Amino acid sequence: PDARAFVTGTLINMDAGEGITLPTLIHELTHVWQNFETGPMYLIEAIHAQNTPDSYNYGYTDEVNGDGAETALTEANGDFEAFNREQQGQILEHYYVRRFVESPPLDFSAWEDYVEFVQAA
C-alpha cells in the first residue's frame with residue numbers, strides 16, 4: 001500500500017498494479033537524466049537528499065503544483081545545481097503540472113530556465 005516509484009540507473013521501478021502518474025513519471029525521468037549526466041553518483045546524492053529537512057521542498061507551499069516556489073527559483077537564477085537531486089525532480093514535475101495538467105495552465109515562467117537547462121544538456 002505504501003509503494004512508490006524510484007529509479008536505479010535507467011530503470012524506473014514501480015508497483016505494476018498501481019501504475020504511475022504522468023507527473024511522477026516526469027520526476028522519475030529527471031533521475032534517469034541525472035544518471036546519464038552524473039553517473040551512479042546521482043543515486044547516492046538522491047538518497048542523501050531524502051534524508052535532509054527540505055528533501056523535496058525547494059520553497060513551495062503547494063506540493064502538487066509548486067505554488068510558492070517562485071521566489072526560490074528566481075533567487076537561484078536558473079542554477080539547477082542550487083537544488084538537490086529530489087528538488088530537481090520536483091521542479092520538473094511542477095513545471096509539467098503547471099503547464100500541461102492544470103486547466104487553465106498556471107504561470108510556469110519561473111520554472112522555464114530549469115527545464116531549458118535540462119533540455120540543453
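Q: Buried means under 20% relative accessible area, exposed over 50%, and partly exposed in between. How does F117 count: buried, exposed or partly exposed?
A: This is a predicted model. F117 has a relative accessible area of 36%. That value lies between the cut-offs of 20% and 50%. F117 is therefore partly exposed.

Q: How many aromatic pairs does a search of the whole structure find?
A: Rings of Phe, Tyr and Trp pair if their centres lie within 6.5 Å. When the whole structure is searched, the number of aromatic pairs is nine.

Q: What kind of pair do the rings of Y58 and Y60 make?
A: Their centres are 5.1 Å apart, and their planes meet at 70°. Planes over 60 degrees apart count as edge-to-face. So the pair of Y58 and Y60 is edge-to-face.

Q: Are Y58 and Y60 buried or exposed?
A: The cut-off for buried is under 20% relative accessible area. Y58 and Y60 both count as buried.

Q: What kind of pair do the rings of F80 and F117 make?
A: The ring centres of F80 and F117 are 5.6 Å apart. Their planes are at 45°. That angle is neither under 30 degrees nor over 60, so the pair is tilted.

Q: How many residues apart in sequence are the parts that F80 and F117 tie together?
A: F80 lies in the loop between α3 (70-75) and α4 (85-101). F117 lies in helix α5, residues 109-120. The pair therefore ties together parts whose separation in sequence is 37 residues.

Q: Is F80 buried or exposed?
A: F80 has 1% relative accessibility. The limit for buried is under 20%. So F80 counts as buried.

Q: Which residues form one aromatic cluster?
A: Both pairs described above belong to it: Y58 with Y60, and F80 with F117. The full cluster is W33, Y58, Y60, F80, F83, Y114 and F117.

Q: Which element gives the largest share of the largest nonpolar core?
A: This core has 17 residues, and those with the most contacts inside it include Y58, F80 and Y114. The elements giving two or more residues to it are α4 and α5. The largest share is five residues, and it comes from α5.

Q: Which residues does L73 touch, not counting residues up to four places away in sequence?
A: L73 is one of the core residues with the most contacts inside the core. Beyond four places in sequence, L73 touches Y58, G78, F83, I91, A110, W111 and Y114.

Q: Which element gives the most to the lining of the largest pocket?
A: The largest pocket has a volume of about 430 Å³. Of its 24 lining residues, the closest to the centre are R4, A5, F6, T24 and E28. Two or more lining residues come from each of β1 (6-8), α1 (22-38), α2 (41-50) and α4. The most, five residues, come from α2.

Q: How do the residues of the lining of the largest pocket divide?
A: The lining of the largest pocket holds nonpolar, polar and charged residues. Respectively, they number eleven, seven and six.

Q: Which residues is A5 in contact with, leaving aside neighbours within four places in sequence?
A: A5 sits in the segment before β1. At 16% relative accessibility, it counts as buried. Its contacts beyond four places in sequence are N13, M14, I20, T24 and E28.

Q: Which residues does Q90 touch, not counting residues up to four places away in sequence?
A: Q90 is in helix α4. With 7% relative accessibility, Q90 counts as buried. Beyond four places in sequence, Q90 touches H27, Y56, Y58, Y60 and E63.

Q: How far apart in space are E93 and N65, C-alpha to C-alpha?
A: E93 is in helix α4 and is buried, at 13% relative accessible area. E93 and N65 are 28 residues apart in sequence. Their C-alpha separation is 8.1 Å.

Q: Is N77 buried or exposed?
A: N77 lies in the loop between α3 and α4. Its phi is near 55°, a positive value in a residue other than glycine. Its relative accessibility is 66%, over the 50% cut-off, so N77 counts as exposed.

Q: Which residues does a cis peptide bond join?
A: One partner, P104, is in the loop between α4 and α5. Omega of the bond is about -5°. The cis bond joins S103 and P104.

How values were computed. Residues numbered from 1 in each chain as written. Predicted model: local features only at pLDDT ≥ 70, side-chain atom pairs only at ≥ 80, totals over all residues. Heavy atoms only, no water. Phe/Tyr/Trp six-rings, centres within 6.5 Å; stacked < 30°, edge-to-face > 60°. Buried < 20%, exposed > 50% of the residue type's maximum accessible area, 1.4 Å probe, protein only. Helix = DSSP H or I, 4+ residues; strand = E, 2+ residues; numbered from the N terminus. 1 Å grid on protein atoms, 1.4 Å probe; cavity = no way out; pocket = protein on both sides within 12 Å on 5 of 7 lines; lining within 4 Å. Points joined across faces, edges and corners; volume = space filled by probe spheres on them. Nonpolar A, V, L, I, M, F, W, Y, C, P; charged D, E, K, R; others polar. Core = buried A, V, L, I, M, F, W, Y, C linked by side-chain atoms within 4.5 Å. Contact = heavy atoms within 4.5 Å.
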